[in-house]
Amino acid sequence: MQSRSTAVWSMDGMDDVLLAKHQERYGATGKLFRAPGRVNLIGEHTDYTGGFVMPMAIGFHTSAVVSPRHDHRMVFYSQNYREEVSLEPNDLMKGRRDHWSDYPAGVAWSLGQEEIEFGGFNMTLSGNVPLGAGLSSSASVEVATVMAILNLAGKGLPLEKIATLCRRAENGYVGAKSGIMDQFVVAGAVAHRAMMLDCRSLEFDLLPLPENVRVVIVNSMVKHAVATGEYGSRRDEVEAGQEVLRHERTGIDLLRDATLADLESCREKMSPASFHRCRHIITENSRVQKAREALLAGDVKGFGDLMVAAHASLRDDFAASCSEIDSLVEIALRHPACVGARITGGGFGGCTVNIVQVSAADNFVAMVRNEYRQATGIDAECFICEPADGALELATKGGKA
Ligand code: ADP
Ligand code: MG
């Protein structure tokens, strides 16, 4: 969701400074809650048909500092946008304003749908998750906001509830069509672990990532304008294919239930586009399950090969890559310390995710930046990451990483 205001980043987003700024602005000591961004290692476009994903939280955060007010107003100040928005409870009924405040306001609205009561508050938000890069700054704002409001209300909620509440804020208030993955992992992740999530049952496994590798996120710095429209049409094609399978084969409720043989038997009944989109999702679900086995077996090479296959499937069957991203993946795979590389996120730009031997991570970053600049003239942003704690873990540790 685009915002009309321009965001800024600076060191005054640090926790202590943020608490001091909140005190200065609102004359009260606030409580601080943090929620990370996330990256998806494998399992792309599988979440909205009840499939499997494998994200992890990363060491970038949005912080929410909150203190109570004596009236019922909800006041949000974003340090990134240097802007304050003040809302009456009734304003939430008017819906979104196409503004950054839709995200935290949507969370307040979603809590209201759940009949969770809370009083007025002042909230200062500040984040260093890159915006709109596919690292889910949106879920990070939502989850930090809900943690802060729940604390104020003296309520605790289980992970599943927190995630579904925040997803409803994004779907029902902000108006973005997203699955449950982002909010779930941002709230529930655990350091040093990737999370395999079953998006239908919300059961999950925390899986160890070997200590000798790092997850390197490379931002292509491009986001093609077609992305929003193409995302919608991909979803329509997937849902049309799913509908055919549901109608033609017994025991299929969601695409997640279908096998390649089911799909093949319905090939003539759906458009070629639907066939290919569904084939990506069915094969991707099986790759995620194999990726889980690989991590449990400590087989990082096998994990990397699955990422490479996942990229080819997203590029060829789902038609959601672009030349810049393909070039980043090709460059990455030429580096001897890179064991796997693929596009991550909705597609048509954004980031790649790479698994790289820790000893060569800096060298990998230098090589990718250099060769990508030569190929495209663009300076890529690279982040060397390890799986980080989600908001619930951070809260039990006192809000500090
Ligand atoms: P992504 O989730 O990939 O970063 P989205 O478009 O889903 O991209 O969400 C980005 C939006 O989230 C921003 O445009 C802004 O409206 C909101 N947002 C993210 N971080 C902040 C912040 N620190 N303060 C206010 N709004 C934020
Ligand atoms: Mg988002």
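Select Phe-60 to begin: at 17% relative accessibility this residue counts as buried, a label that means under 20% relative accessible area, with exposed set at over 50% and partly exposed in between, using a 1.4 Å probe and protein chains only. What is on screen is a predicted model, in which local features need pLDDT of at least 70, side-chain atom pairs count only at pLDDT 80 or more, and totals for chains, interfaces and linings use all residues. Residues are numbered from 1 along each chain as its sequence is written, and side-chain values use heavy atoms, with hydrogens and water left out.

Add Phe-383, which is buried with a relative accessible area of 14%. The ring centres of Phe-60 and Phe-383 lie 5.0 Å apart with the planes at 80°, so this pair is edge-to-face; rings of Phe, Tyr and Trp (its six-membered ring) pair if their centres lie within 6.5 Å, and planes under 30 degrees apart count as stacked, over 60 as edge-to-face and the rest as tilted. The pair links distant parts of the chain, with Phe-60 in strand E2 (residues 52-68) and Phe-383 in strand E11 (residues 381-385), 323 residues apart; helices (H or I, at least four residues) and strands (E, at least two) are DSSP runs numbered from the N terminus.

Move next to Phe-76 and Phe-121, another edge-to-face pair, at 5.5 Å centre to centre and 70° between the planes. Phe-76 belongs to strand E3 and Phe-121 to strand E5, 45 residues apart. Phe-76 has a relative accessible area of 0%, and Phe-121 is likewise buried, at 0%. Including Phe-118 in the selection shows a cluster, since ring pairs link Phe-76, Phe-118 and Phe-121.

Now colour the largest nonpolar core, a set of 53 residues in which Phe-76, Leu-92, Leu-111, Met-123, Val-143, Val-146 and Phe-184 touch the most other members; such a core consists of buried Ala, Val, Leu, Ile, Met, Phe, Trp, Tyr and Cys residues joined through side-chain atoms within 4.5 Å. Helix H3 gives the most to this core, with nine residues.

Select helix H2 (residues 102-113), of whose 12 residues 10 are buried, among them Tyr-103, Trp-109 and Leu-111. What covers these buried residues includes strands E3, E4 and E5 and helices H3 and H4. After H2 comes Glu-115, with a positive phi near 60°.

Finish at Arg-25, whose charged end sits over the ring of Tyr-77, 3.6 Å from its centre; the criterion is NZ of Lys or CZ of Arg within 6 Å of the ring centre and within 35 degrees of the ring normal.

Methods:
Chains are lettered from A and ligands numbered from 1 in the order in which they are written. Contact means heavy atoms within 4.5 Å.
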